[in-house]
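These exercises go through one protein chain step by step. Try each task before reading the solution below it.

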Amino acid sequence: MKRLKSDPKDTLAEYGLDAGDATVSIVTEVRGEGSLDEQVELWDAGKQSGSVQLFVPEVPQVETEELSDEQLESVAGGDTYCCCCSPCCTCT
């Protein structure tokens, strides 16, 4: 985040986001939900106006709590195997 704030245009260009001749500023005080579509529209409008604002929350907006054992079991592959998908199936 430090490099993105100090040199946003070059940092973003390294990841394929070319702002052209526009100046780029990083906004970390994000309000509301926002969406990727809205950010893309703002990026395109900013390139045309010459001033791009990229909204990046200071704190990532993801769940950081750990999963319980029960939650992990519900997403794990489990220990039941059925070969119904294979040509050598003997389950039927």
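**Exercise 1.** Does Ser6 count as buried or exposed, and why?

Solution. Step 1: recall the classes: buried means under 20% relative accessible area, exposed over 50%, and partly exposed in between, with a 1.4 Å probe and protein chains only. Step 2: the relative accessibility of Ser6 is 60%, so Ser6 counts as exposed. Step 3: place Ser6 in the chain; it belongs to helix H1, residues 2-6. Step 4: look across the sequence; Ser25 is 19 residues away along the chain, and the two C-alpha atoms are 9.4 Å apart.

Before going on, note the basis of the values. The model is predicted, so local features need pLDDT of at least 70 and side-chain atom pairs count only at pLDDT 80 or more, while totals for chains, interfaces and linings use all residues. Residues are numbered from 1 along each chain as its sequence is written, and side-chain values use heavy atoms, leaving out hydrogens and water.

**Exercise 2.** Describe the secondary structure of the chain.

Solution. Step 1: fix the terms: helices (H or I, at least four residues) and strands (E, at least two) are DSSP runs, numbered from the N terminus. Step 2: count the elements, which gives four helices and two strands. Step 3: put them in sequence order, which reads α-α-β-α-β-α. Step 4: examine the strands; E1 and E2 pair in the parallel sense over five bridges, where pairing requires that DSSP finds at least two bridges between two strands. One bridge joins Val27 to its partner Phe55 in E2.

**Exercise 3.** Compare Asp7 and Thr11: where does each lie, and is each buried, partly exposed or exposed?

Solution. Step 1: Asp7 lies in the loop between H1 and H2, and Thr11 is part of helix H2, residues 8-14. Step 2: Asp7 has a relative accessible area of 28% and is therefore partly exposed. Thr11 has 8% and is therefore buried. Step 3: list the contacts of Thr11, a contact being heavy atoms within 4.5 Å; apart from neighbours within four places in sequence, Thr11 touches Arg3 and Leu4. Step 4: for Asp7, the C-alpha distance to Val24 is 8.9 Å, with their positions 17 residues apart along the chain.

**Exercise 4.** Which residues make up the largest nonpolar core?

Solution. Step 1: define the set: a nonpolar core consists of buried Ala, Val, Leu, Ile, Met, Phe, Trp, Tyr and Cys residues joined through side-chain atoms within 4.5 Å. Step 2: the largest one holds ten residues: Leu4, Leu12, Ala19, Ala22, Val24, Ile26, Trp43, Val52, Leu54 and Val56. Step 3: strand E1 (23-27) and strand E2 (51-55) are the elements that give two or more residues to this core. Step 4: in soluble globular proteins, nonpolar side chains tend to be buried together. Step 5: check the faces of E2; Val52 and Leu54 are on the covered face, with Ser51, Gln53 and Phe55 on the uncovered one.

**Exercise 5.** What surrounds Ser51 in strand E2?

Solution. Step 1: the relative accessibility of Ser51 is 41%, so this residue counts as partly exposed. Step 2: beyond four places in sequence, Ser51 is in contact with Ala22, Thr23 and Gly46. Step 3: the C-alpha atoms of Ser51 and Thr23 are 4.9 Å apart, although 28 residues separate them along the chain.

**Exercise 6.** Which residues line the largest pocket?

Solution. Step 1: a pocket is found on a 1 Å grid over the protein atoms alone, as an open set of points where a 1.4 Å probe fits, with protein on both sides within 12 Å along at least five of seven lines; lining residues have an atom within 4 Å of a point. Step 2: the lining consists of Glu29, Val30, Arg31, Glu33, Gly34, Ser35, Leu36, Glu38, Gln39, Leu42, Phe55 and Pro57. Step 3: helix H3 (residues 36-49) gives the largest share, four residues.
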